[in-house]
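User: I'd like to go through this model with you and check the labels people put on it. Can you back each one up with the number behind it?

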Number of protein chains: 2
Amino acid sequence: MSQPVKQARFNLFIYGAGHHQAAWRAPDSPAERLGETAYYVELAQVAERGLLDGVFLADGQAVAPEAAAAGPTWFFEPFTLLSALSQHTSRIGLVCTVSSSFYTPFHAARMLASLDRLSGGRAGANVVTSMWDAEAQNHGRETLGDHAYRYGRADEFITVLRQLFGSHPAAAVQADREGVFTDPNQLSRIDHAGEHFGVRGPLNIPDGPQGAPVLFQAGASAQGRELAAAHAEAIYAVAADRQMALDYAQDVRSRAAAAGRDPQALAIMPGLVAYVGRTLEEAKDKQRRLNDLLPIEQALAQLAVFVQQDTHAWELDAPVPPLPSAAEFTGPAGRYATILRLIEIHQPTVRELLGLLAAGGGHCTVVGTPEMIADEIELWLDTGAADGFNLMPPNLPDGLADFVELVIPELQRRGRFRTAYEHRTLRGHLGLPMPVAGGALAQAR
Amino acid sequence: MSQPVKQARFNLFIYGAGHHQAAWRAPDSPAERLGETAYYVELAQVAERGLLDGVFLADGQAVAPEAAAAGPTWFFEPFTLLSALSQHTSRIGLVCTVSSSFYTPFHAARMLASLDRLSGGRAGANVVTSMWDAEAQNHGRETLGDHAYRYGRADEFITVLRQLFGSHPAAAVQADREGVFTDPNQLSRIDHAGEHFGVRGPLNIPDGPQGAPVLFQAGASAQGRELAAAHAEAIYAVAADRQMALDYAQDVRSRAAAAGRDPQALAIMPGLVAYVGRTLEEAKDKQRRLNDLLPIEQALAQLAVFVQQDTHAWELDAPVPPLPSAAEFTGPAGRYATILRLIEIHQPTVRELLGLLAAGGGHCTVVGTPEMIADEIELWLDTGAADGFNLMPPNLPDGLADFVELVIPELQRRGRFRTAYEHRTLRGHLGLPMPVAGGALAQAR
Ligand SMILES: Cc1cc2nc3c(=O)[nH]c(=O)nc-3n(C[C@H](O)[C@H](O)[C@H](O)COP(=O)(O)O)c2cc1C
Ligand SMILES: Cc1cc2nc3c(=O)[nH]c(=O)nc-3n(C[C@H](O)[C@H](O)[C@H](O)COP(=O)(O)O)c2cc1C
């Protein structure tokens with residue numbers, strides 16, 4: 001018997017005018033529309049026409065004036081925006097990034113259950129631990145706390161979320177006109193008293209159609225991977241190329257197995273920045289045109305900080321000069337390793353390196369025809385490097401339209417992507433089982 | 001020159017199957033639909049067809065199993081539900097109750113600004129201090145804290161909200177393709193360091209069309225009135241009759257004047273439970289039919305607790321037996337005073353008293369023809385007892401339809417209600433000025 005081929009999963013990660021930092025500077029960019037609901041509605045509807053699994057929103061709890069000067073940061077708060085988008089779409093998932101460092105689990109669980117109901121079972125949560133002390137300072141703390149503290153809190157946060165979902169099952173609502181509205185015996189307190197949170201329960205909203213919204217995780221350190229292995233149903237991962245993705249996937253799946261979970265029941269979705277053209281030259285040209293919009297002085301100055309060298313003498317259209325190895329480097333290691341990797345993978349000119357860093361940073365960048373990109377995606381799927389991708393179009397809406405109009409049909413021709421939605425819930429699209437409190441896992445709807 | 005007559009303002013307070021506790025038990029009630037988005041969309045659209053100023057949602061952070069058994073409590077979280085409703089309406093305001101006891105001001109300000117953008121300038125916030133320790137226990141605290149603590153926190157909460165709105169003005173967003181996206185000089189930190197909150201700012205969303213969402217307050221104690229006088233632009237008040245409303249309004253307006261504010265720039269909107277019929281008999285019949293749905297044993301038992309008497313021997317269809325004066329009563333004073341007042345105003349039978357308590361409690365109940373109700377509303381407006389009402393239909397959707405189809409046209413004939421929306425924002429509908437950071441108040445849009 002032949003194995004059915006593995007199909008891809010895709011979220012659309014919506015961010016400003018696209019994931020390339022300079023995309024908003026293009027003459028035809030939607031720069032003026034980023035504060036309008038309709039812009040996001042249109043993107044979500046294009047993604048839904050493309051049959052994507054979900055729309056994905058990142059989040060942050062502060063704005064740095066320098067960052068806001070350089071390009072779009074936030075306009076809408078993601079729970080409220082996704083609630084609005086739920087009313088303009090009917091099938092696509094809606095994944096909301098939620099910081100375990102700044103929400104109480106009760107607020108988060110309630111918002112997520114409410115979004116799940118509003119959307120008819122399409123909510124997902126991407127739990128992150130946040131990044132900047134400036135965020136903490138907007139919520140009454142001086143610092144974020146160290147890695148161990150944040151991940152301890154994240155683990156407890158997710159544990160409580162999972163208990164709150166199920167504490168007020170939808171079946172408890174009986175609306176029996178001669179008897180009870182809600183069967184009080186089906187409501188349960190959770191009486192959580194932990195290091196970070198105290199939560200009595202039950203949740204004050206009956207579970208939505210998915211039982212519990214789909215739980216994503218993003219965060220790449222060892223602690224992040226442990227959290228994903230213990231709890232996540234899907235992961236927004238970061239990998240500059242297939243080898244890194246494979247290493248990551250193998251590591252997380254073995255951690256999941258060690259935690260007693262089915263390692264294949266995790267949907268691993270790395271970020272993907274795709275420049276798509278009908279010809280390779282057209283694709284490269286799209287990338288070049290975005291790179292040309294970068295304010296080059298600023299980008300070079302930023303690079304100088306990352307690599308701790310005087311970059312101003314570097315020839316923009318020549319290959320990046322040789323750099324010291326990671327072992328010899330004394331500055332922040334993570335970003336430097338990413339830069340070395342990008343140079344190794346792409347052999348870029350200085351200008352191209354600035355462009356790669358400006359669009360997605362350490363995430364995988366592909367440039368090519370639909371066939372070339374589909375080949376690459378197939379390879380990732382078949383080697384176990386990924387189950388799908390969090391699409392990060394360099395420019396919006398055009399980069400999304402290119403993917404939906406050119407790459408998706410190519411994948412469909414190859415049997416690698418659905419040709420119609422087969423489910424009504426995000427859980428269904430991703431092929432994840434329903435969580436059932438205290439029982440076996442039910443079939444995905 | 002003749003004075004233009006004062007026009008009424010109305011919010012629709014959406015709650016379950018209506019504000020009568022037994023409304024969901026009616027054979028034709030929407031009891032099965034309370035978890036469906038479409039039910040709320042329909043109500044908001046009827047309210048908008050009726051040209052009402054706003055839709056109003058209460059909120060709470062816990063569910064008591066006994067309360068859930070007796071009738072609908074919460075389904076949707078209000079920020080997410082109002083965000084969804086914003087996409088199905090275009091003019092009506094969207095007022096979200098927010099507890100200063102459980103949100104950080106940064107979260108609240110951001111959600112409100114986001115809702116204001118999603119709705120094109122229709123957001124309002126009803127700041128409350130919450131009611132039950134069970135709510136605190138869902139957010140890591142044992143108790144709510146005493147009145148003074150809660151109102152101290154509420155005052156600081158609103159102070160910070162007002163600073164956050166304005167910290168990221170919409171005009172800062174320039175989208176200048178050759179220059180900056182956001183002018184960093186227009187962003188300002190607020191650097192609030194108070195007893196309850198530490199907030200650095202700026203807010204990470206540019207202000208919505210209203211500059212700041214309209215600030216409502218609800219809370220009737222002396223501290224609640226002080227808070228309203230200091231900060232509120234509109235008030236959801238509670239008054240069993242016109243005299244109580246008048247006393248309340250005079251008190252709050254004189255507190256506002258003492259705080260240096262224009263006492264007339266406050267929109268005072270008491271709750272109103274209206275039973276509307278084409279004849280008085282029809283209106284009374286509607287009330288009777290809802291009262292007849294009350295599980296009488298439970299209601300009597302509850303009343304026994306409130307009045308500390310054995311109510312089981314009381315004749316249901318006879319007048320309420322004489323009760324000790326408030327001075328002689330040793331139990332909780334507030335509820336008892338309300339009951340004495342209801343008896344004085346309505347001279348009810350025991351069954352009728354149970355019905356009054358079950359629908360709106362201490363709020364004003366009117367039963368009559370559109371003409372009678374319009375007369376009463378005119379009297380409240382002209383004597384300064386109210387600027388409008390928070391409508392609490394005893395049953396939904398029918399009680400709303402009655403008001404919109406019968407009372408609104410009568411008020412329009414009398415020049416007491418708009419015949420078309422004249423503004424696009426809630427601030428505009430309510431006739432409130434735009435807040436302008438550090439400057440004079442601009443015209444309402
Ligand atoms: C792919 C990816 C996406 C992330 N998205 C967000 C986000 O939207 N908001 C946020 O506050 N943090 C985000 N994070 C940050 C993580 O939550 C985490 O705080 C940070 O990466 C440090 O943890 P780590 O060392 O485990 O990666 C993201 C991290 C990764 C790897
Ligand atoms: C008319 C009115 C409506 C209220 N609505 C809410 C509400 O929706 N949610 C809530 O937690 N508290 C609500 N409250 C409670 C108040 O915020 C406050 O906590 C409580 O009334 C005690 O304060 P007080 O003594 O000043 O009234 C409301 C109070 C009043 C008077």
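User: Which residue in S3(B) stands opposite Phe56(B)?

Analyst: That's Val95(B). One thing before we go on: this is a predicted model, so read every value here as computed from predicted coordinates.

User: What makes S2(B) and S3(B) a pair?

Analyst: Two strands pair if DSSP finds at least two bridges between them. Strand S2 (residues 54–57) of chain B and strand S3 (residues 93–99) of chain B have four bridges, in the parallel sense, so they pair. S1(B) also joins S2(B), through three bridges and again parallel, and there Leu12(B) stands opposite Val55(B).

User: Why is the connection from S1(B) to S2(B) called right-handed?

Analyst: The chain leaves S1(B), passes through helix H1 (residues 37–49) of chain B and arrives at S2(B). With the strands pointing away from the viewer, a clockwise path over the helix counts as right-handed, and this β-α-β crossover is assigned that hand.

User: Which residues of S2(B) point one way and which the other?

Analyst: Gly54(B) and Phe56(B) go one way, Val55(B) and Leu57(B) the other, and all of them are buried. That fits the general pattern: side chains in a regular strand alternate between the two faces of the sheet.

User: Where else does Leu12(B) have a partner?

Analyst: In S11(B), where Leu12(B) stands opposite Leu391(B). Strand S1 (residues 9–13) of chain B and S11(B) run parallel and are joined by four bridges. S11(B) pairs with strand S9 (residues 267–276) of chain B as well, parallel and over two bridges, with Leu272(B) opposite Leu391(B).

User: What makes both faces of S11(B) count as covered?

Analyst: Gly388(B) and Asn390(B) on one side and Phe389(B) and Leu391(B) on the other are all buried. Buried means under 20% relative accessible area, so neither face of strand S11 (residues 388–391) of chain B is left uncovered.

User: And in chain A, why is Ala283(A) called buried?

Analyst: Its relative accessibility is 0%. The cut-off is under 20%, so Ala283(A) counts as buried. Ala283(A) lies in helix H9 (residues 280–291) of chain A.

User: How do you know that S7(A) and S8(A) pair?

Analyst: The requirement is at least two bridges, and strand S7 (residues 214–217) of chain A has two to S8(A), running parallel. So the pairing holds. Phe216(A) has Ala234(A) as its bridge partner. The chain gets from S7(A) to S8(A) through helix H7 (residues 222–231) of chain A, in a right-handed β-α-β crossover.

User: What does S8(A) do with S9(A)?

Analyst: They pair in the parallel sense over four bridges, with Ala237(A) opposite Pro270(A). S8(A), helix H8 (residues 242–258) of chain A and S9(A) form another β-α-β unit, which is right-handed. As for cover, strand S8 (residues 234–237) of chain A has Ala234(A) and Tyr236(A) on one side and Ile235(A) and Ala237(A) on the other, all buried.

User: Now ligand 1: what makes the pair with Ser221(A) a polar contact?

Analyst: A polar contact needs a pair of N or O atoms within 3.5 Å. An oxygen atom of ligand 1 is 2.5 Å from an N or O atom in the side chain of Ser221(A), so that pair qualifies. His147(A) also offers a side-chain N or O atom, 2.8 Å from an oxygen atom of the ligand, while a polar backbone atom of Asp59(A) is 2.7 Å from a ligand nitrogen atom. Taken alone ligand 1 exposes 590 Å², and the protein buries 84% of that.

User: Which element gives the most to the shell around ligand 1?

Analyst: Helix H6 (residues 147–164) of chain A, with three residues. In total 17 residues surround ligand 1, dividing into eight nonpolar, seven polar and two charged.

User: For ligand 2, why does the Ala218(B) pair count as a polar contact?

Analyst: The limit is within 3.5 Å, and an oxygen atom of ligand 2 is 3.5 Å from a polar backbone atom of Ala218(B), so the pair counts. A polar side-chain atom of Tyr151(B) lies 2.6 Å from a ligand oxygen atom, and for the side chain of Arg150(B) the value is 3.2 Å.

Conventions: Residues are numbered from 1 along each chain as its sequence is written. Chains are lettered from A and ligands numbered from 1 in the order in which they are written. This is a predicted model: local features need pLDDT of at least 70, side-chain atom pairs count only at pLDDT 80 or more; totals for chains, interfaces and linings use all residues. Side-chain values use heavy atoms; hydrogens and water are left out. Buried means under 20% relative accessible area, exposed over 50%, partly exposed in between (1.4 Å probe, protein chains only). A residue is near a molecule or strand if one of its heavy atoms lies within 4 Å of it. A polar contact is a pair of N or O atoms within 3.5 Å; within protein, one must be able to donate a hydrogen and the other to accept it, and residues adjacent in sequence count only if both atoms are side-chain atoms. Accessible areas come from the Shrake-Rupley method with a 1.4 Å probe; for residues, only the protein chains shown count as cover. Ala, Val, Leu, Ile, Met, Phe, Trp, Tyr, Cys and Pro count as nonpolar, Asp, Glu, Lys and Arg as charged, and the others, Gly among them, as polar.
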